[in-house]
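Subject: Structure handover

Hello,

Here is the structure I promised to pass on. Please open it first, then read my notes below.

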Amino acid sequence: MYCRNCGAAMDPSAVVCIKCGVPKGSGRNYCMNCGAQTAPEAVVCVKCGVSLGAPNNSAPTAAGGQKSKIAAGILGIFLGGLGIHNFYLGYTTKAVIQLCLTILGWILAIPTLGIGFLLSSAMSIWGLVEGILILVGNIKQDGKGIPLQ
Ligand SMILES: [Zn+2]
Ligand SMILES: [Zn+2]
């Protein structure tokens, strides 16, 4: 096998390349199977066809996918009981809990002569608090870990 960074032949049991010192498999300049030069974005070696794996700089980038802090905060403050801000941010489980408990509160309000509304109110307060936490920056990222804008 070959070093993906410098193309030097390396022992398959080696952990790092003895020539350039990078860990085995890091680097994207050469095929680890045949040692041919590869394009940095290539996912397969054009010479031997072996899979080169995903480019190692494909860490989640924020470009385009960032959610608005202001929008999420305002949604939380006004519609927090319905979990809209959490649906928006991708915290779906939490959003569903808030939505279900709010609706449950409305349904229970009829047989309990209004006491059920307390549950809905509690959800609204939860959403309100989360909305404020989003606006002040205590909640910094969405459900996928992408920072808010
Ligand atoms: Zn090397
Ligand atoms: Zn190859």
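Leaving aside its neighbours within four places in sequence, which residues is V15 in contact with? The partners are P23 and K24. Keep in mind throughout that this is a predicted model.

More on V15. The residue sits in the segment before helix 1, which covers 69-79. V15 is exposed, because its relative accessible area is 63%, and exposed means over 50%. From the C-alpha atom of V15 to that of P40 is 22 Å. Those two residues are 25 apart along the chain.

Now the overall fold. The chain has four helices and zero strands. Read along the sequence, the pattern is α-α-α-α. The radius of gyration is 26 Å, whereas the globule rule gives 15 Å for 149 residues, so the chain is more spread out than a compact globule. The C-alpha trace spans about 80 × 30 × 25 Å along its principal axes.

Burial and contacts come next. Of the 149 residues, 30% are buried. Take the contacts between residues at least 6 apart in sequence: 37% of them join residues at least 24 apart.

Surface and charge:
- The accessible surface comes to about 8,700 Å², and carbon and sulfur atoms account for 68% of that.
- There are 10 positive and 4 negative side chains. The centres of the two sets lie 4 Å apart.

Two annotated spans are worth a look. Both come from UniProt, in each case from an unreviewed entry.
- "Domain: DZANK-type" covers residues 3-49 according to UniProt. In the model, this span is 0% helix and 0% strand. Its end C-alpha atoms lie 17 Å apart.
- "Domain: TM2" is listed by UniProt for residues 66-108. This span is 79% helix and 0% strand in the model. Its end C-alpha atoms lie 38 Å apart.

Last, a residue in a helix. S120 is found in helix 4, residues 117-136. Is S120 buried or exposed? S120 is buried, because its relative accessible area is 6%, and buried means under 20%. What does S120 touch, leaving aside neighbours within four places in sequence? The contacts are T102, G105 and W106.

To recap the two residues: V15 is exposed at 63%, while S120 is buried at 6%.

Over to you.

Best wishes

Definitions and conventions: Residues numbered from 1 in each chain as written. Chains lettered and ligands numbered in written order. Predicted model: local features only at pLDDT ≥ 70, side-chain atom pairs only at ≥ 80, totals over all residues. Heavy atoms only, no water. Helix = DSSP H or I, 4+ residues; strand = E, 2+ residues; numbered from the N terminus. Rg over C-alpha atoms; globule rule 2.2 N^0.38 Å. Buried < 20%, exposed > 50% of the residue type's maximum accessible area, 1.4 Å probe, protein only. Contact = heavy atoms within 4.5 Å. Areas by Shrake-Rupley, 256 points an atom, 1.4 Å probe, with all protein chains shown as cover. Lys, Arg positive; Asp, Glu negative; His and termini not counted. Charge placed at Lys NZ, Arg CZ, Asp CG, Glu CD. UniProt positions renumbered as here; feature names shortened; annotations may be inferred.
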